[in-house]
Amino acid sequence: MSRVVGLETEFGLLRQGADGRAEDPARTADELMRHRPPGYRSTNMFLPNGGRLYLDVGSHPEYATAECATVRQLVAQDEAGRALVASMAELAAAGDGGGEGAGGRGDGGSRTIHVLANNNDSAGHTYGCHENYSLPRRVSPEDILPVLFTFLATRPVLVGSGAPVGGRAGTDAGLAGIEDDESNEGGEDSAWALSPRAPHLRALASADTTGERALVNTRDEPHADPGRLRRLHITCADTTMSSTTTGLRTALTILLLDALEAGADMDAIVLADPLEALASLGSGPWGDRPVRARDGRTLTPVDVQEEILVHLLDRLDAVGAPPALEDAEHLVRDLAPRVIGALRAREAGAIDTEIDWAIKRRVMRAHRQRHPDLRGQALAVLRQRVDLAYHDLDPSSGLTQSLRAQGQMAELCSAQEIEQAVIQAPPTRAALRGAFIQACLDREADFSVTWSSIRLDSPPSPAVDLLDPAASSDPAAEALLDRVRALRPEEIRRIRPQGL
């Protein structure tokens, strides 16, 4: 069975009013969504590229990628979603019309909406980056979850996005322990943790993605043939800006699932309390705090990830790379060992253009060189501003755009791959869904879409189920597509907003 993967990213929004204060998030989100793509009357949109854009709880825009078959497809789709949301924010700031539902300039339309691909806001709320992996139904979650929990709890040492220690600047928590300067042991590194999401995760598994923050969501919602497939919904990832970090995270997870499905015995690395290990990554810079394995050994999160990596590399040598790693195998064979080496040596210079937590520290060191006299609260505020700007998608205020332009941030996918992902779905079920949506938009025909079904509503027709997420062809879907393309204007009557 071919595995498909997907990524969901919730974005924070920030816009300052005339008085300098942040505007109401719901109002800001409403303004952003008025500049959605043309042809949609709903703010819950399945898109021609196979992705989905909608407003999530707390007025957070969320983009979910299409079902992807390879790491590179996933990264390109993720970047395409960010480009879409950033373009909507740009239209809102310019006050231009941006789609059928867009208004004119309106109240405050000339002020920039900052779209933040981060995990925490100033009020202490956290929002997530969720991963989805298809699994065969024959695989029992009970058999793989102990190893998976240990892997996910220690994974941020390799692919965390990094955060200033202590939280938001300007609060007691934000300033505690970071009145430091270069005379403190560890220097600038000591002021940065590996994961901003780690302190908010309090459970291994939960059926509720909002009430209880967990590593894995256990709700059985396959979006596919329930007799054949289940969906592994991972809810603990940091939102990363570096495409190589995102790619490494996905590649390692795919390889681990492949190994576990094949019956690999990795029980020796299972931790007695994975959440204890995860908590240390929200406050420490190197992932070297000892924790106890279930077999009594003392390991650090770096030890755990290194043991897993050795197993995965041995299996790669034995059975070869899966198709999902096409043109991305170097992330596992080259980049992952270099990250382990950097953590062991406590020197991240070899990875500070590829891994988010290391890139942030390099950027902050450059600021310290320019402002050597900063201390205390001013220094803490600067770290927080660097962290925020790193995740800002606005090209005029965000850091990552300039880092890429200067060659200081590696990229997995080319600009052409990302441009293609904006308009075209990958060759999975998403291609059928995307082609159907585009045809309906072109004909201005009403339609309803879910991840696993498509239906023409005007004129009405039975829904077509798409139960195999890896299948890019389906006779019934192709027949429905032909019908849409052949519709005459007099047959079309718009009856209600599209989507769910």
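## A tour of helix contacts, loops and cysteines

Start by selecting Thr-244, Gly-247, Leu-248, Ala-251, Leu-252 and Leu-255 in helix 6, then add Leu-331, Val-332, Leu-335 and Ala-336 in helix 9, which they meet. By kind, the residues of this contact are eight nonpolar, two polar and no charged. Keep in mind as you look around that this is a predicted model.

Now show both helices in full: helix 6 covers residues 243–261 and helix 9 covers residues 329–345. Their axes are 10 Å apart and make an angle of about 115 degrees. Angles of 65 to 115 degrees count as roughly perpendicular, so that is the description for helix 6 and helix 9. The crossing of helix 6 and helix 9 is left-handed.

**Along the loops beside helix 9**

Select Asp-327, in the loop between helix 8 (301–319) and helix 9. Its phi is near 60 degrees, a positive value in a residue other than glycine. Is Asp-327 buried or exposed? With 53% relative accessibility, Asp-327 counts as exposed, because the cut-off for that word is over 50%.

Next, pick Arg-346 in the loop between helix 9 and helix 10 (356–370). Here too is a residue other than glycine with a positive phi, near 55 degrees. Arg-346 has a relative accessible area of 47% and is therefore partly exposed.

**Over to helix 14 and helix 15**

Colour residues 429–443 for helix 14 and residues 475–485 for helix 15. These two pack with their axes 9 Å apart, at an angle of about 15 degrees. Since angles under 35 degrees count as roughly parallel, helix 14 and helix 15 are roughly parallel to each other. Their crossing is left-handed. To see the contact, show side chains on helix 14 for Leu-432, Ala-435, Phe-436, Ala-439, Cys-440 and Arg-443, and on helix 15 for Ala-477, Glu-478, Leu-480, Leu-481, Val-484 and Arg-485. How many of the residues in the contact of helix 14 with helix 15 are charged? There are three charged residues, alongside nine nonpolar and no polar.

**A stop at Pro-459**

Zoom in on the loop between strand 16 (453–456) and strand 17 (464–465), where you will find Pro-459. The peptide bond leading from Ser-458 to Pro-459 is cis, with omega near 0 degrees.

**A glutamate in helix 2**

Jump to Glu-79, a residue of helix 2 (residues 71–94). Glu-79 has a relative accessible area of 14% and is buried, because buried means under 20%. Which residues does Glu-79 touch, leaving aside those up to four places away in sequence? Select Met-241, Ser-243, Arg-404 and Ile-418 to see them. If you would like a distance to draw, the C-alpha atoms of Glu-79 and Asp-56 are 19 Å apart, and the two residues are 23 apart in sequence.

**Last stop: the cysteines**

A disulfide is a covalent bond between the sulfur atoms of two cysteines. With a cut-off within 2.5 Å for a pair of cysteine sulfur atoms, the count comes to zero disulfides. Select Cys-68 to see one case: its nearest cysteine sulfur belongs to Cys-413, 9.9 Å away. Cys-68 is buried, with a relative accessible area of 0%. Then go to Cys-129, which is also in no disulfide, the nearest cysteine sulfur being that of Cys-236 at 9.6 Å. Cys-129 is buried, and its relative accessible area is 1%.

Note on methods
Residues are numbered from 1 along each chain as its sequence is written. This is a predicted model: local features need pLDDT of at least 70, side-chain atom pairs count only at pLDDT 80 or more; totals for chains, interfaces and linings use all residues. Side-chain values use heavy atoms; hydrogens and water are left out. Buried means under 20% relative accessible area, exposed over 50%, partly exposed in between (1.4 Å probe, protein chains only). Axes are lines fitted to C-alpha atoms, for helices over the stretch in contact, and angles run from 0 to 180 degrees between N-to-C directions. Helices (H or I, at least four residues) and strands (E, at least two) are DSSP runs, numbered from the N terminus. Angles under 35 degrees count as roughly parallel, over 145 as roughly antiparallel, 65 to 115 as roughly perpendicular and the rest as oblique. A crossing is left-handed if the near helix is turned anticlockwise from the far one by less than a right angle, and right-handed if clockwise. Contact means heavy atoms within 4.5 Å. Ala, Val, Leu, Ile, Met, Phe, Trp, Tyr, Cys and Pro count as nonpolar, Asp, Glu, Lys and Arg as charged, and the others, Gly among them, as polar.
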